[in-house]
Amino acid sequence: MIRLRDVGFRYDAAGTSAPVALRQISFEVPQGGFRWLLGPSGAGKSSLLRLLALTARPTSGTLEILGSSVAQARRAALARLRRRIGVVHQDFRLLPDLPVFDNIALPLRLQHRPEDDVRDEVHSILDWVGLGSRATARPPQLSGGEQQRVAIARAVIHRPALLLADEPTNALDEYQANRLMDLFRDLSGLGTTILVATHNDALIRRYPAHELELAQGRLLRDG
Ligand SMILES: Nc1ncnc2c1ncn2[C@@H]1O[C@H](COP(=O)(O)OP(=O)(O)OP(=O)(O)O)[C@@H](O)[C@H]1O
């Protein structure tokens, strides 16, 4: 479950030079809930995902992630919490010098999973995303859509309790986008809480779900 109460965020917490990215955002998502995160460019979607991914802290208000209050959590607890979160970044953020296999294996290795398990799990998800033959390729040798599928595989391989995806279909064709949505539906059925920021109106129409709509840093709609 995630819970926000009057969360505000600006990129320069102390000063006044950066615009306010988020204002008084309050909402809850139960464990296993799925939310579309909508709004025009600059509305604050990526900023909200940063707070939920624990890569930035709210400037004001309270944020609870998977039962922990972020403001009160110590560094070690935040690090543990981060390992339960999967993130698909808009720009993929793959490690360019590591083979695809090792990029995807990272979350499992951070959990110190036995290498035999890692091999089985990574090969199985590589097959699922249709990249079974590209395990040894480096990300720069892949197309944009292939890189996005690697980023998705890395975000879900450890079955995170919270999955955050920023425009996860922008490099995918319709068939792949639909398969991704089927995966999200399965994960959400297994208890993963999922937020997906998108401008893909056709996808939203094909997969209607609860929407969080932002505009100019404010939450306009929760329903
Ligand atoms: N690193 C940053 N430093 C300062 N301001 C930023 C930074 N990133 C975003 N902003 C500002 O925060 C506000 C919200 O931006 P954000 O990236 O969250 O919007 P978004 O809804 O994700 O947009 P898009 O759909 O284009 O990705 C904007 O005013 C933006 O200019």
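A residue is taken to be near a molecule if its C-beta atom, placed from the backbone, lies within 6 Å of it. In this predicted model, the residues that surround the ligand by that criterion are Tyr11, Ala18, Pro19, Ala21, Gly39, Ser41, Gly42, Ala43, Gly44, Lys45, Ser46 and Ser47. Five of the residues in this shell are nonpolar, six are polar and one is charged. The biggest contribution to the shell comes from helix H1, residues 45-52, which supplies three residues.

A good place to continue is Val20, which belongs to strand S2, residues 20-29. Val20 counts as partly exposed because it has 16 C-beta neighbours inside 10 Å. Leaving aside residues up to four places away in sequence, Val20 touches Gly8, Arg10 and Gly217. Between the C-alpha atoms of Val20 and Ala151 there is a separation of 29 Å, and these two residues are 131 residues apart along the chain.

Beyond helix H1, the loop that leads to strand S4 (60-65) contains Leu54. The phi of Leu54 is near 65°, which is a positive value in a residue other than glycine. Leu54 has 19 C-beta neighbours inside 10 Å and therefore counts as partly exposed; a residue is buried if 20 or more other C-beta atoms lie within that distance.

Attention now turns to helix H3, which spans residues 100-110 and has Val100, Asn103, Ile104, Ala105 and Pro107 among its buried residues. The cover over the buried residues of H3 includes two helices, H4 (115-128) and H5 (144-156). Each of these partners can be described in turn.

The axes of H3 and H4 come within 10 Å and cross at roughly 130°, so H3 is oblique to H4. The crossing in which H3 passes H4 is right-handed. On the H3 side, the contact is made by Phe101, Ile104, Ala105, Leu108 and Arg109, and on the H4 side by Val118, Glu121, Val122, Ile125 and Leu126. Sorted by character, the residues in the contact of H3 with H4 comprise eight nonpolar, no polar and two charged.

For H3 and H5, the axes come within 7 Å and cross at roughly 30°. H3 is therefore roughly parallel to H5, as angles under 35 degrees count as roughly parallel. Here too H3 passes its partner H5 in a right-handed crossing. Val100, Asn103, Ile104, Leu106 and Pro107 of H3 make the contact, together with Val150, Ala153 and Arg154 of H5. In the contact of H3 with H5, six residues are nonpolar, one is polar and one is charged. Ile104 of H3 takes part in the contact with H4 and also in the contact with H5, and Ile104 is one of the buried residues of the helix.

What follows helix H3 is His112, with a positive phi near 55°. His112 sits in the loop between H3 and H4, and its phi is positive although this residue is not a glycine. Is His112 buried or exposed? His112 counts as exposed, because it has 7 C-beta neighbours inside 10 Å.

Notes
Residues are numbered from 1 along each chain as its sequence is written. This is a predicted model: local features need pLDDT of at least 70, side-chain atom pairs count only at pLDDT 80 or more; totals for chains, interfaces and linings use all residues. A residue is buried if 20 or more other C-beta atoms lie within 10 Å of its own, exposed if 12 or fewer, and partly exposed in between; C-beta atoms are placed from the backbone. Helices (H or I, at least four residues) and strands (E, at least two) are DSSP runs, numbered from the N terminus. Two residues are in contact if their C-beta atoms, placed from the backbone, lie within 7 Å. Ala, Val, Leu, Ile, Met, Phe, Trp, Tyr, Cys and Pro count as nonpolar, Asp, Glu, Lys and Arg as charged, and the others, Gly among them, as polar. Axes are lines fitted to C-alpha atoms, for helices over the stretch in contact, and angles run from 0 to 180 degrees between N-to-C directions. Angles under 35 degrees count as roughly parallel, over 145 as roughly antiparallel, 65 to 115 as roughly perpendicular and the rest as oblique. A crossing is left-handed if the near helix is turned anticlockwise from the far one by less than a right angle, and right-handed if clockwise.
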